[in-house]
Amino acid sequence: MADRRLEARDDAVLAILKVTDEVNQLKDVDTILDKILYESRQFSGADAGSIYLVEDDRLIFSYVQNDTLFKTEAANAALYQNFAIPISEQSIVGHVAKTRQSLAVDDAYELDPTLPYSLNKSFDEKSGFRTTSMLAIPLIAQESRLVGVMQLINAKNESGAVIPFSEKARTYIPIFCNNASVAIERGIMNRELILRMMQMAELRDPSETGAHVQRVGAYCAEIYGTWAARRGHGAKEIKRTRDNLRLAAMLHDVGKVGISDTILKKPAKLTEREYDIIKWHTIYGARLFGNQTSELDRMSMDIALCHHEQWAGSGYPSIPRDRIWADDLEMGGAPMNGEAIPLSARICAVADVYDALASPRSYKDPHTDDQCLETLEQGAGTHFDPEVVDIFMEIFDVIKAIRNKWSDSPGK
């Protein structure tokens, strides 16, 4: 009996180490959260779960999965809810953040009323979901830094009945979370580094805001996810590509750091010569990723270079990757069109144009949803990959949720 327990313990530890290694290969924080939550649910049999990340004295809702309510690989507006919970004793996740101790609840509707925390039933009431068993775990990284809280909901047995979380789950998932929390911190730092790079571009071009690049990155990730699911791509492949695409798309206009302020900040319409100069931001951006050591570098180059190419072949710069360092480089070589344009750039083209249309600028009001969609539809097959536009329309509820999460309003 003791040997079997030791064997089970060793198997659990090996599983944790294997998954931790997989988590450590990911780069973007959202992909890392998705992986941590999914693997924790698999280990515990949980139907649903969410992750909150710490920001100041609040817990920011950051990720959710729910097999009962959501399709696993489908684009989902629920991922982009925008709310926060105070770190206090009143909520279950707030209590766990404050005490830094895991908490298991067998029935959230039968909590002792003398406890300081209680279940917020508003989500259940809106969705028709029934929260029963819960396991909430603090996410603690190096030097005892609290990164966030993960909340698993409704452990299920083999017949699908909701049961309390097992002792095995209560023991081993916190161990996994302690290891994975370091990856979360790294993912947050990766996102912050990219945002700081884009702040340099924002100093040159006020339209290149942190909110803009966050939205474009998220739009691209969701469009790609639906595109890949249509083709039956595996979940691991989709997650890996989304991981790179989201970060690479955030850098689509980083080459604007090489364009003069007098052009980028000009309040009037650009001359033809000035517009030709702006086109060079695609070359300057691509050159930043010349020393390619990863798939992220390759995708970042593709997007920076090609996100202004057009499906029918009338975009720019129409320069092959291997020519961008040429001494005699001139804009406008052999036209690039159709599927010769990298998929990542075709997706980013739609995301970037939509966000420019939907966002207020000093020289224009934001376009309405109908105006934005009409422009994209009119450009399908000429400016844009028609399938990418079709997917964009299909997931427009998700697009709007992303837009609302990272609005240009102060403080957002």
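A polar contact is a pair of N or O atoms within 3.5 Å, one able to donate a hydrogen and the other to accept it. The exercises below use a predicted model.

**Exercise 1. Which side chain forms a polar contact with that of Ser359, and is Ser359 buried or exposed?**

Step 1. Ser359 is located in the loop between α12 and α13 (369-379).

Step 2. Its relative accessible area is 3%. The cut-off for buried is under 20%, so Ser359 counts as buried.

Step 3. The side chains of Ser359 and Arg215 are joined by a polar contact of 3.2 Å. This value is within the 3.5 Å limit.

Step 4. Leaving aside residues up to four places away in sequence, Ser359 touches Arg215, Lys364, Pro366 and Asp408.

**Exercise 2. Compare the span of helix α6 with the expected one, and find how many of its residues are buried.**

Step 1. Helix α6 covers residues 210-230, which is 21 residues.

Step 2. The expected span is 1.5 Å times one less than the number of residues, which gives 30 Å for α6.

Step 3. The end C-alpha atoms of α6 are 31 Å apart, in agreement with the expected value.

Step 4. Of the 21 residues in α6, 18 are buried, so the helix is mostly covered.

Step 5. Gly232, just after α6, has a positive phi of about 75°.

**Exercise 3. Classify the aromatic pair of Tyr275 and Tyr316, and state which parts of the chain the pair ties together.**

Step 1. The whole structure holds 13 aromatic pairs. In the pair of Tyr275 and Tyr316, the ring centres are 6.3 Å apart and the planes are at 80°.

Step 2. Centres within 6.5 Å make a pair, and planes over 60 degrees apart make it edge-to-face. The pair of Tyr275 and Tyr316 is therefore edge-to-face.

Step 3. Tyr275 belongs to helix α9 (residues 272-278), and Tyr316 to the loop between α11 (295-306) and α12 (343-358), so the pair ties together parts 41 residues apart in sequence.

Step 4. Tyr275 is partly exposed, at 40% relative accessible area, whereas Tyr316 is buried, at 10%.

Step 5. Elsewhere, ring pairs link Tyr219, Tyr354, Phe392 and Phe396 into a cluster.

**Exercise 4. Which helix has the lowest mean pLDDT among the elements of the chain, and which the highest?**

Step 1. The chain has a mean pLDDT of 90, and 92% of its residues reach 70 or more.

Step 2. Among its elements, helix α1 (residues 2-24) has the lowest mean, 70, and helix α14 (residues 386-394) the highest, 98.

Step 3. Predicted coordinates should not be read in detail where pLDDT is low.

Terms used. Residues numbered from 1 in each chain as written. Heavy atoms only, no water. Phe/Tyr/Trp six-rings, centres within 6.5 Å; stacked < 30°, edge-to-face > 60°. Helix = DSSP H or I, 4+ residues; strand = E, 2+ residues; numbered from the N terminus. Buried < 20%, exposed > 50% of the residue type's maximum accessible area, 1.4 Å probe, protein only. pLDDT = per-residue confidence, 0-100. Contact = heavy atoms within 4.5 Å.
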